[in-house]
Amino acid sequence: RIPCIRCPWHHYLLSLVDGEKWYNALEQDEVTGKLTPGGWRSSEASFQRVHDVETRADGVYVRLRLDGDMRSDKYAGRADCAAGLGGRRRGGGGHAGGDGARRGPLGGLPSGRA
């Protein structure tokens with residue numbers, strides 16, 4: 001299982017392990033033309049930075065990984081992104097593929113909530 005958090009702005013699930021973005025895809029039915037759930041998919045590339053965290057007896061230590069560019073960097077300092085959050089509390093995270101299968105962050109739960 002892969003621990004995830006939900007982006008409060010975009011509502012995507014982001015892997016805390018590798019920064020992949022998870023989403024519940026939609027597919028168009030060829031017969032009816034309606035959009036139907038297509039299952040959980042990942043960006044298969046890091047979208048968000050992840051950092052090393054270590055818990056010790058004297059506290060929690062975070063080692064920032066700032067090397068290279070990430071697609072999410074362009075939003076990091078934007079006031080309009082933060083202003084849109086307005087202190088709202090959104091749903092939590094989830095988990096992906098306990099056996100290594102790429103089923104999606106919530107193991108196939110249709111609600112998108114853990």
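**View 1. Glu54 and Arg56 pair through a salt bridge.**
Glu54 is partly exposed in this predicted model. Its relative accessible area is 37%. The partner in the salt bridge is Arg56, and the closest N and O atoms of the pair are 3.2 Å apart. Arg56 is also partly exposed, at 40% relative accessibility. Elsewhere, salt bridges with shared partners link Asp52, Arg63 and Arg65 into one network.

**View 2. Arg63 and Asp52 form a salt bridge.**
The closest N and O atoms of Arg63 and Asp52 are 3.3 Å apart. Arg63 belongs to strand S6 and Asp52 to strand S5, so this salt bridge ties together parts that are eleven residues apart in sequence. How exposed is each partner? Arg63 counts as exposed, because its relative accessibility is 54% and the cut-off for exposed is over 50%. Asp52 is partly exposed, with a relative accessible area of 25%.

**View 3. Asp73 and Arg49 join two loops.**
A salt bridge connects Asp73 with Arg49. Their closest N and O atoms are 2.8 Å apart. Where do the two residues lie? Asp73 sits in the loop between strand S6 (59–63) and helix H1 (79–83). Arg49 sits in the loop between strand S4 (35–46) and strand S5 (52–56). The pair therefore ties together parts that are 24 residues apart in sequence. Asp73 is partly exposed, and its relative accessible area is 29%. Arg49 has a relative accessibility of 15%, so Arg49 counts as buried under the 20% cut-off. How many salt bridges does the model contain by this rule? The count comes to five.

**View 4. Ser15 is a buried residue of strand S2.**
Strand S2 covers residues 13–15, and Ser15 is part of it. Is Ser15 buried or exposed? Ser15 has a relative accessible area of 3%, so Ser15 is buried. A polar atom of the Ser15 side chain lies 3.1 Å from the backbone nitrogen of Val17. Which residues does Ser15 touch, leaving aside those up to four places away in sequence? They are Ile2, Pro3, Cys4, Glu20, Trp22 and Val50.

**View 5. Asn24 in strand S3 meets Gly39 and Trp40.**
Asn24 is found in strand S3, which spans residues 20–28. Its relative accessible area is 36%, so Asn24 is partly exposed. Not counting residues up to four places away in sequence, Asn24 touches Gly39 and Trp40. Trp40 is 16 residues from Asn24 in sequence. In space, the two residues are 4.5 Å apart, C-alpha to C-alpha.

**View 6. Glu44 has a positive phi.**
Which strand holds Glu44? Its place is in strand S4. The phi of Glu44 is near 55°, a positive value in a residue other than glycine. Glu44 counts as exposed, at 61% relative accessibility.

**View 7. The largest pocket has a lining of 24 residues.**
Rolling a probe the size of a water molecule over the atoms shows where empty space is left. About 530 Å³ of space lies in the largest pocket. Which lining residues are closest to its centre? They are Cys7, His10, Gln48, Ser72 and Tyr75. Strand S1 (2–6), strand S2 and helix H1 each supply at least two residues of the lining. What kinds of residue make up this lining? There are 14 nonpolar, five polar and five charged residues.

**View 8. The whole chain combines one helix with seven strands.**
This view sets the close-ups in context. From the N terminus on, the elements of the protein chain run β-β-β-β-β-β-α-β. The chain has 114 residues, of which 24% count as buried. Among the buried residues are Ser15 and Arg49. Contacts in the chain with a separation of 6 or more include many that span long stretches of sequence: 41% of them are between residues 24 or more positions apart.

Methods: Residues are numbered from 1 along each chain as its sequence is written. This is a predicted model: local features need pLDDT of at least 70, side-chain atom pairs count only at pLDDT 80 or more; totals for chains, interfaces and linings use all residues. Side-chain values use heavy atoms; hydrogens and water are left out. Helices (H or I, at least four residues) and strands (E, at least two) are DSSP runs, numbered from the N terminus. Buried means under 20% relative accessible area, exposed over 50%, partly exposed in between (1.4 Å probe, protein chains only). A polar contact is a pair of N or O atoms within 3.5 Å; within protein, one must be able to donate a hydrogen and the other to accept it, and residues adjacent in sequence count only if both atoms are side-chain atoms. Contact means heavy atoms within 4.5 Å. A salt bridge is a side-chain nitrogen of Lys or Arg within 4 Å of a carboxyl oxygen of Asp or Glu. On a 1 Å grid over the protein atoms alone, a cavity is a set of points where a 1.4 Å probe fits but cannot get out, and a pocket is an open set with protein on both sides within 12 Å along at least five of seven lines; lining residues have an atom within 4 Å of a point. Grid points are joined across faces, edges and corners, and a volume is the space filled by probe spheres set on the points. Ala, Val, Leu, Ile, Met, Phe, Trp, Tyr, Cys and Pro count as nonpolar, Asp, Glu, Lys and Arg as charged, and the others, Gly among them, as polar.
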